[in-house]
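The following exercises treat the secondary structure and strand pairing of one chain. Please attempt each task before reading its solution.

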Amino acid sequence: MKPKETLLNTKETPNKQEEEMELDHSFFSMETPLRADAFELDDDLKVELIEKHFKEIMQILGLDLNDDSLKGTPNRVAKMYVKELFKGLNPKNMPEAKLFDNKYNYKNMLVEKNISFHSVCEHHFVPIIGKAHVAYIPNKEVVGLSKLNRIVRYFAQRPQVQERMTMQIANMLKEVLNTQDVAVIIEADHLCVAMRGVQDITSSTVTSEFCGKFQDAKTREELLNYIALKG
Ligand SMILES: [Zn+2]
């Protein structure tokens, strides 16, 4: 049994009505929760099994799988899950980040902004569509610009929580670039907010992770100014 204090500190959802139930984002873990046997089945077998189960979901919904337009759907969805939308679950798909010497001795921040991404909300399995802005201050080495996009995409291609995705990208950048001076800002629309529940189509969610020198107010402001520029 939990001690009373823990219970008081826990953000209990006040109203557990299904429609309005709020998801508590404060307990997500940094790592995507994966089982130890996550990659024991190969991708083709996963497609086959998901196809079978998705077909069942459609059948339960009352859809006629003999219809020409629907009969290929279970296979399409299964392939899309394994080979596209959730490709980033598998570490074998992690982008290689080739580093180059910082020949120009560039010491200012580098900002790659408006990196568009699509992800999937892990609570409802509907899209999260957004933009990521990433920045770092180079150490002795720099990374090819497109790698920054690829790192964002890799973490987007799995069931996600925006807070976790922001931190996962920041951590990988720190590791790859061998510096603490990285920042990640993500602004995204969550279709689970637009399509269901409160059905708000105008709200968006912003998350950020400022590390190293980006914790300094001036550096942070400089970054925010760059991101605010149009184009
Ligand atoms: Zn959701």
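Three exercises with worked solutions follow.

The model is a predicted one, in which local features need pLDDT of at least 70 and side-chain atom pairs count only at pLDDT 80 or more, while totals for chains, interfaces and linings use all residues. Residues are numbered from 1 along each chain as its sequence is written.

**Exercise 1. Overall composition**

Task: State how many helices and strands the chain has, and what share of its residues is buried.

Solution.
1. Helices (H or I, at least four residues) and strands (E, at least two) are taken as DSSP runs, numbered from the N terminus.
2. On this basis the chain contains seven helices and seven strands.
3. Read from the N terminus, the order of elements is α-α-α-β-β-β-β-α-β-α-β-α-β-α.
4. A residue counts as buried if 20 or more other C-beta atoms lie within 10 Å of its own, as exposed if 12 or fewer do, and as partly exposed in between, with C-beta atoms placed from the backbone.
5. Of the 231 residues in the chain, 23% are buried.

**Exercise 2. The span of helix H2**

Task: Compare the expected span of helix H2 (residues 43-60) with the distance between its end C-alpha atoms.

Solution.
1. The expected span of a helix is 1.5 Å times one less than its number of residues.
2. H2 has 18 residues, so its expected span is 26 Å.
3. The end C-alpha atoms of H2 are 26 Å apart, which agrees with that expectation.
4. After H2 comes Gly 62, with a positive phi near 95°.

**Exercise 3. Strand pairing**

Task: Trace the pairings of strands S2, S3, S5, S6 and S7, giving the sense of each.

Solution.
1. Two strands pair if DSSP finds at least two bridges between them.
2. Begin with S2 (residues 110-121) and S3, which are antiparallel and joined by nine bridges; Glu 112 has Val 134 in S3 as its bridge partner.
3. The hairpin of S2 and S3 has five residues between the strands, and Phe 125 there adopts a positive phi near 55°.
4. S2 also pairs with S5 (residues 159-160), in the parallel sense and over two bridges; here Cys 121 is partnered by Gln 160.
5. On to S6 (residues 182-190): S3 (residues 127-136) pairs with S6 in the antiparallel sense over nine bridges, and Tyr 136 has Val 182 as its partner.
6. S6 is further joined to S7 (residues 205-210) by six bridges, again antiparallel, with Phe 210 the partner of Ala 183.
7. Finally, seven of the nine residues of S6 are buried, and the strand is thus mostly covered.
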